[in-house]
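Trainee: I'd like to learn how to read a protein model feature by feature. Can we walk through one together?

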Amino acid sequence: MQKIKNIAVIAHVDHGKTTLVDELLQQSGTFAAHQQVDERVMDSNDIEKERGITILSKNTAITYGDHKINIIDTPGHADFGGEVERVLKMVDSVLMLVDAQEGVMPQTKFVLKKAIELGHVPVVVINKIDKDGAEPDRVLDEMFDLLVALDANEDQLEFPVLYAAARDGYAKWNLEDENKDMTPLFEAILEHVPYPEGSPDAPTQAQVFTLDSDNFVGRIGIARIFNGKVKKGDEYTLVKADGSKSKSRVSKLIGFKGLDRIDIDEAEAGDIVAIAGFSDIDVGDSLCDTANPVALDPLHVEEPTLSVIMSVNDGPLAGQEGKHVTSNKIRERLEKEMETNIAMKMEPLGDASFKVSGRGELQIGILAENMRREGFEFLLARPEVVVKEENGVKMEPFEHLVVDVPEEFQGVAIEKLGKRKAEMTSLTPMPDGTVRIEFEIPARGLIGFRSEFLTDTKGEGIMNHSFIEYRPYSGTVVSRTPGALISMDDGEAVAFSLYNLQARGTLFIEPQAKVYNGMVIGESARPGDLEVNPLKGKQLTNMRSAGADDAIKLVPPRDMTLEHAMEWIEDDELIEVTPESIRIRKKHLDPIMRKRVQRDKKNAAK
């Protein structure tokens, strides 16, 4: 029987998980000496590379001595918590990374809480000890306090600690040790991570925790084998979460080594493999022995807390830039996404629109970004929180928010968050002159807050949040104050007109941009919407006057990215997403209709 260790790397976003996995791959001799490897090699898709974040959990395997170590690199962003939850059930321990300067952050608490509940003893790695403001001793105390707060048992409180700088490729047991290589970390994994339980001779039991697809073999389930063996060509029973069963043969069995996938004929208890041949395989399904099918507990993933309506683009410029514009195409793409992403849900609404629910704005924004890159064109409404009703009480999701701000901005941050129904729970001065303030806030209060927060703190503030629980509804929350500048005509914007509109607010468009009646072309400097004409050219006469032909100087427009637009819009606005542009428009393009809706809303409020 081969010696296997299964471990997941968990941490808050940007604490160095993917970089650490890079070094483990390099120093275990997994790559050949002549092989050229990119930085953060596990972040494979385009958006991950561009943003420097991990979105999907990915697995790799390395050989160290006579051991095979299966490593799963997980996302650190709160919106992808669903990925982390299901991965933790598949491993026997976790590498808990924590930044030596930032210390314990909201997502550190979230992922560690899940690991503790499953009984894992974490191997704590205090990373980035080479940073100027690093305080490894303070961070170690924070980690111990957090484990105590999470009701960790005695074994878990005796966790091993290593100090590392993953970027420079070293880890060590004590701060005064020499900076050499990752050997201490490999030793810690071999010494402290338990061997998988389960016997290769027992009836087969395997559980799928991630899905993949291949154009040749169809759906692939990446599964951990808890008992028995899985052989290529043998027949097994697939037990779904609802208890239904189906039989099929394993057409392809794939093992992992470094970044490569290798075809194998057999795998046994403890290993993580990819299995093809089951057309309806899904996350959480159990693969069992046909003679004695005993299913494993289905996976529980927390419910989505945010939803957005996605609909067919019906604006004047519809179909000019996108390839897939019909509701059938959008529906197919969303259904495909739901197959592999169980933390998201989709329900079709009657009028060619779909309600997509997820864990946060970033998760939904990345789905929309992927779709526009694939040639889709659609409209997105303002994100809304998923509200539940329990025993007749209206409940909404609350988030734990942590902001790090320079001292001079702490007043403005507390004031703005107070208007959004946030309650401050702690305020801690940090050694680098910033202040860390913690809040509990309704998730509604966070929609649209990030861009305002960055403006208020001159770009120096850092905010992180993670879901706590559902609590009773907390009343209305303040939203955007400035109104919108709305185009009153169709055509191409003219520089002369935009120059005159600059005094009215911040523009989102450039000269020659296509505009239409009802499209939002900028943010007004005052409350209340303003209808403007961006097509008005210069009046030409045969009279001359001094200074009449001065060069027009335009301030560069505000670049509206998809996430920025999702935060900025109000309930009566939509984002038009196409492969080439992101436009903001009013739900009702007709100004008379808009006034009527607003009047009805006012009357209803009375």
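Mentor: Sure, and let's start with a term: two residues are in contact when they have heavy atoms within 4.5 Å. Keep in mind that this is a predicted model. Now try Ala 241, which sits in the loop between β11 (235-239) and β12 (245-249).

Trainee: Okay, which residues is Ala 241 in contact with, leaving aside its neighbours within four places in sequence?

Mentor: Those are Asp 285 and Pro 298. Also, the C-alpha atoms of Ala 241 and Ala 295 are separated by 8.9 Å, with their positions 54 residues apart along the chain.

Trainee: Does Ala 241 count as buried or exposed?

Mentor: The rule is that exposed means over 50% relative accessible area and buried means under 20%. Ala 241 has 58% relative accessibility, so it counts as exposed.

Trainee: Let's zoom out. What share of the 606 residues in the protein is buried?

Mentor: Buried residues make up 51% of them. The accessible surface comes to about 28000 Å², and 47% of that belongs to carbon and sulfur atoms.

Trainee: And how do I judge the overall size?

Mentor: Set the radius of gyration against what a compact globule would have. For 606 residues that would be near 25 Å, and the protein has 27 Å, which agrees. Along the principal axes, the C-alpha atoms fill a box of roughly 95 × 60 × 55 Å.

Trainee: How many helices and strands are there?

Mentor: The secondary structure comes to 15 helices and 35 strands. As for contacts between residues at least 6 apart in sequence, 71% join residues at least 24 apart.

Trainee: Pick a helix for me. How would I check its length?

Mentor: An α-helix has 3.6 residues a turn, so residues three or four places apart point the same way. For length, use the rise per residue: at 1.5 Å a residue, the 13 residues of α9 (residues 361-373) should span 18 Å, and the end C-alpha atoms are 18 Å apart, which agrees.

Trainee: How many of the 13 residues of α9 are buried?

Mentor: Eleven, so α9 is largely enclosed by the rest of the structure. Among them are Leu 362, Ile 364, Ile 366 and Leu 367, and also Glu 361, Glu 369 and Arg 372. Just after α9, Gly 375 takes a positive phi of about 95 degrees.

Trainee: What about positive phi in a residue other than glycine?

Mentor: Look at two loop residues. Asn 391 has phi near 50 degrees and lies between β23 (388-390) and β24 (393-406). Gln 512 has phi near 75 degrees and lies between β30 (505-507) and β31 (514-515). Asn 391 counts as exposed at 82% relative accessibility, and Gln 512 counts as exposed at 57%.

Trainee: Now a strand. How do I read its two faces?

Mentor: Split the residues by side and check burial on each. In β34 (residues 573-577), Glu 573, Ile 575 and Val 577 are on one side, Leu 574 and Glu 576 are on the other, and all are buried. With five of five residues buried, β34 is largely enclosed by the rest of the structure.

Trainee: Which strands does β34 pair with?

Mentor: β21 (residues 378-380) runs antiparallel to β34, joined by three bridges. β35 (residues 582-586) is also antiparallel to β34, with five bridges, and these two form a hairpin with four residues between them. Follow Ile 575: Leu 380 stands opposite this residue, and its bridge partner in β35 is Ile 584.

Notes. Residues are numbered from 1 along each chain as its sequence is written. This is a predicted model: local features need pLDDT of at least 70, side-chain atom pairs count only at pLDDT 80 or more; totals for chains, interfaces and linings use all residues. Side-chain values use heavy atoms; hydrogens and water are left out. The expected span of a helix is 1.5 Å times one less than its number of residues. Buried means under 20% relative accessible area, exposed over 50%, partly exposed in between (1.4 Å probe, protein chains only). Two strands pair if DSSP finds at least two bridges between them. The radius of gyration is taken over C-alpha atoms; the globule rule is 2.2 Å times the number of residues to the power 0.38. Accessible areas come from the Shrake-Rupley method with a 1.4 Å probe; for residues, only the protein chains shown count as cover.
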